[in-house]
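Trainee: I am new to this structure and would like to learn how to read it feature by feature. Could you take me through it slowly?

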Amino acid sequence: MTGFGCRRLAAAAALGAAVWALAMPPGALAEPPDIIIGAVYPLSGNAAPIGHDAQMALETEADIINGHDNIPMLLGQGGGLPRLGGAKIKLVFADSQNNPQIARTETERLITQDHVIAVIGSYTSATAVTISQICNRYQIPYISAENSAPSLNQQGLAWFFRPSPTDNDFSAAMFDFFRGIGKQTGRPVHTVAIIHENSVFGTDSSRIQSGLAAKAGIKVLADISYQASTPSLSVEAERLKAANADVVLPSSYTSDAILLMRAMHDAGYTPKAIVAQDAGFIDPAFLKAVGPLAEGVMTRSSFALDATKTRPAIPKVNALVKAHDDGKDLTDMTAREVTALQVLADAINRAGSTKNTELQAALKVTDIPGNQTIMPWVGIKFDSTGQNTEGNPVIQQYQHGQWHTIFPLDVATAPAIWNVGE
Amino acid sequence: MTAAIVLQVAIGGLLMGLIYALVAAGLSLIFGLMDVVNFAHGELLMLAMYATFTIHQALGLDPLVQLPLIALLLFGAGAAIYRGLIARSLAVRFNTGMVQVFVTFGLSIFLVGAAQLVFGSDFRAISDGVLSNRTVAIGQVVLPLAQVAAGLICLLAFAALVLISRTEFGRALEATREDREAVALIGIDRDKVFSVGWGIGGAAVGIAGVMLSNFYYISPTVGSNFALIAYVTVALGGFGSLPGALIAGVLVGLVEALTALVMDPSLKQVGIFAIYVLVLMFRPRGLFGRL
């Protein structure tokens with residue numbers, strides 16, 4: 001190519017670039033600013049495994065919204081938030097150390113220093129109390145991903161939103177299950193023994209379960225509370241063994257769930273049925289630690305990994321989470337974290353703005369059909385307290401090394417193994 | 001509540017108490033020797049448990065087989081902490097006590113963070129050891145084999161500690177404890193005595209860690225579950241007293257178990273601390289303290 005030709009080509013290119021630039025609307029060349037969302041989780045301390053998985057799940061969902069994975073669910077097509085010019089979600093994490101006081105100061109730091117427009121959290125209900133209150137004070141939405149204590153949305157906070165069912169719904173599902181399985185097998189539940197850790201989560205859970213048992217005419221033979229992260233649960237196991245109820249109902253975090261299963265085994269006690277309030281019992285670390293002792297354990301869950309027929313997004317989302325998080329499948333926790341960010345991103349998108357009042361207004365009119373999510377719920381719609389009214393839980397059982405949905409019967413993927421009354 | 005349950009719970013409490021005692025023994029030894037409270041003591045327990053777990057994963061060695069190895073490893077860790085940190089903090093000319101407190105406290109935070117970095121925060125457990133998930137039944141009492149073995153090993157470790165205290169080195173330890181300046185005049189190397197003392201303290205907690213890993217979960221913060229009880233045990237038994245640590249440990253284990261049986265288990269530490277407060281009020285030097 002001659003020198004002249006080269007110059008002419010350069011001039012043509014410059015002209016072309018100028019025309020292209022003029023043709024574009026102003027501002028379109030600049031990327032829209034990132035949307036910064038805070039996430040408060042226990043990243044160190046005793047609950048750190050759950051916090052770590054939460055971080056991986058939230059990052060995966062942010063990647064789905066920002067990227068191009070083309071997943072058949074709301075905002076699954078990727079490319080950022082369409083109504084904000086393809087703005088990308090950016091997450092900032094803070095470590096609560098599973099301590100309510102640290103959760104409070106860390107949330108405040110996220111709001112004042114990192115200028116997050118909303119906060120997602122926080123695994124334990126005790127930390128959610130302080131986080132939700134501080135968010136309310138700064139008028140920033142708090143999306144409660146997996147906190148299940150029913151009292152959280154009864155605090156009268158206008159900035160609290162919880163897509164997940166609460167322990168009210170979960171416990172109600174357990175007792176519906178007892179009724180259903182009793183009719184089906186002719187071996188109903190007559191007695192239960194409750195064991196729970198003594199913070200907000202366990203205390204709320206035991207209170208509801210006692211109430212529901214009384215209504216169902218089921219006798220509570222023991223109601224044992226213990227301090228979380230205790231060095232030993234053998235006496236507690238001994239008391240459960242002495243009660244020998246039809247069903248043991250534990251509400252425990254991972255470390256105590258491991259101890260409890262081992263302690264019951266060591267006491268020579270195999271409960272006829274264990275129906276757990278989720279939490280520690282669905283942590284993959286729990287299953288690894290107790291191994292075969294987990295066989296037959298039942299738990300309430302808000303997520304069903306095997307519901308792929310009606311929720312076609314599950315396999316792809318699961319594969320992405322797995323690749324992100326050491327080969328761990330989606331769990332009831334991580335699925336709810338993915339969904340929490342999806343709900344928040346949808347509201348930001350519909351608001352078309354990051355202004356707090358517009359975001360709050362958009363969250364209030366959230367209406368996502370269940371099949372646009374990975375959850376087996378009817379959908380997501382908030383009531384005046386910020387609680388989703390369309391989230392319906394399922395009961396799962398650990399059979400042959402895998403979780404299977406056993407109730408409600410219309411979504412069940414395996415029959416329940418039911419030893420009560422035998 | 002039947003007699004069998006009470007007996008079962010009491011024996012369980014006794015076995016747990018022996019482990020508390022051995023964890024406390026190392027702490028007590030170091031305190032008695034040089035008036036330093038090692039705030040990283042629980043983290044040494046955690047290190048021993050992770051070491052056991054890692055060797056078990058990598059080489060398939062049963063925790064029981066690893067006992068001498070881990071004891072040696074933790075002996076080294078204890079001695080290294082003395083040489084690397086404590087000896088240096090002794091050289092500080094002001095507020096020596098506080099400096100030592102902060103050094104060991106800082107070390108504990110560092111070790112927890114380092115464990116989380118290296119091993120991750122997931123709970124681990126050894127569930128395929130020789131003792132894992134096995135029980136023995138004696139009449140109506142069912143006991144986990146791993147805890148029975150842990151209790152026996154703890155008793156053996158205590159016997160070894162008593163024997164050590166009767167050797168020439170034991171007498172050197174005693175002399176150094178009495179007057180650390182004077183022993184230099186009769187040719188005892190103070191630094192050597194101290195570092196061996198720290199080593200023995202580390203080995204004791206190491207043995208407790210190996211036995212615990214047979215039935216307890218392992219996580220970066222597992223040490224703190226036992227450290228608080230160890231401090232109470234040491235204060236209860238009397239700082240620096242080995243028999244004190246043994247008896248106080250067993251007492252704490254029994255009181256904890258029986259409180260959990262008759263009261264709400266979430267209050268089981270109330271029993272321990274009630275006894276602790278009573279001892280502080282009426283016998284501040286602890287049950288066997290000489291100070």
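Mentor: Let us begin with an idea we need for helices that lie on a sheet: angles run from 0 to 180 degrees between N-to-C directions, along axes fitted to C-alpha atoms. Please keep in mind throughout that this is a predicted model. With that in hand, look at helix 6 (residues 200–216) of chain A, which lies across strand 6, strand 7 and strand 8 of chain A and runs at about 165° to strand 6 of chain A.

Trainee: Which strands does helix 7 of chain A lie across, and at what angle does helix 7 run to strand 7 of chain A?

Mentor: Helix 7 of chain A lies across strand 6, strand 7 and strand 8 of chain A, and its direction makes an angle of about 180° with strand 7 of chain A.

Trainee: How many strands form the open sheet in chain A, and in what order?

Mentor: A sheet is read by following its strands from neighbour to neighbour. Here seven strands of chain A form an open sheet in the order 7-6-8-9-10-13-14, with mixed pairing. Strand 7 and strand 14 (402–407) of chain A are the edge strands, each pairing on one side only, and from one strand to the next the twist averages 25°.

Trainee: In what sense do strand 6 and strand 8 of chain A pair?

Mentor: Strand 6 (residues 191–197) and strand 8 (residues 247–251) of chain A pair in the parallel sense over five bridges, and across this pairing Ile195(A) stands opposite Pro250(A) of strand 8. Moving along, strand 8 of chain A also runs parallel to strand 9 of chain A, joined to it by two bridges, and here Val247(A) stands opposite Ala273(A) of strand 9. Strand 8, helix 8 and strand 9 of chain A together make a right-handed β-α-β unit.

Trainee: Which residues of strand 9 of chain A point one way, and which the other way?

Mentor: Ala273(A) and Val275(A) point one way from strand 9 of chain A, while Ile274(A) and Ala276(A) point the other way, and all are buried. Strand 10 (residues 298–301) of chain A can be read in a similar manner: Met298(A) and Arg300(A) point one way, Thr299(A) and Ser301(A) the other way, and all are buried.

Trainee: What are the bridge partners of Met298(A) in strand 9 and in strand 13 of chain A?

Mentor: Take each side in turn. Strand 9 (residues 273–276) and strand 10 of chain A pair in the parallel sense over two bridges, where Val275(A) is the bridge partner of Met298(A). Between these strands the chain passes through helix 9 (residues 284–290) of chain A, and this β-α-β crossover is right-handed. On strand 13 (residues 394–399) of chain A, strand 10 pairs in the antiparallel sense over four bridges, and there the partner of Met298(A) is Gln397(A).

Trainee: At what angle do helix 5 and helix 6 of chain A pack?

Mentor: For two helices, read the angle and the distance between axes, then the handedness, then the residues that meet. Helix 5 (residues 167–185) and helix 6 of chain A pack at an angle of about 35°, their axes 9 Å apart, and the crossing is right-handed. Among the residues that meet are Phe175(A) and Phe178(A) in helix 5 and Ile208(A) and Leu212(A) in helix 6; by class, the residues of this contact divide into six nonpolar, four polar and two charged.

Trainee: In chain B, how do helix 9 and helix 11 cross, left-handed or right-handed?

Mentor: The axes of helix 9 (residues 222–237) and helix 11 (residues 268–282) of chain B come within 10 Å and cross at roughly 35°, and the crossing is left-handed. The contact is made by Val232(B), Ala235(B) and Leu236(B) of helix 9 with Ile272(B), Ile275(B), Tyr276(B) and Val279(B) of helix 11, a set that divides into seven nonpolar, no polar and no charged residues.

Trainee: How many residues does the contact take from chain A and from chain B?

Mentor: The contact takes 31 residues from chain A and 31 residues from chain B. On the side of chain A that touches chain B, helix 8 of chain A gives the most, with seven residues, and by class that side has twelve nonpolar, 15 polar and four charged residues.

Notes
Residues numbered from 1 in each chain as written. Chains lettered and ligands numbered in written order. Predicted model: local features only at pLDDT ≥ 70, side-chain atom pairs only at ≥ 80, totals over all residues. Left-handed = near helix turned anticlockwise from the far one by under 90°. Contact = placed C-beta atoms within 7 Å. Nonpolar A, V, L, I, M, F, W, Y, C, P; charged D, E, K, R; others polar. Buried ≥ 20, exposed ≤ 12 C-beta atoms within 10 Å, placed from the backbone. Pairing = 2+ DSSP bridges. Right-handed = clockwise from strand over helix to strand, strands pointing away.
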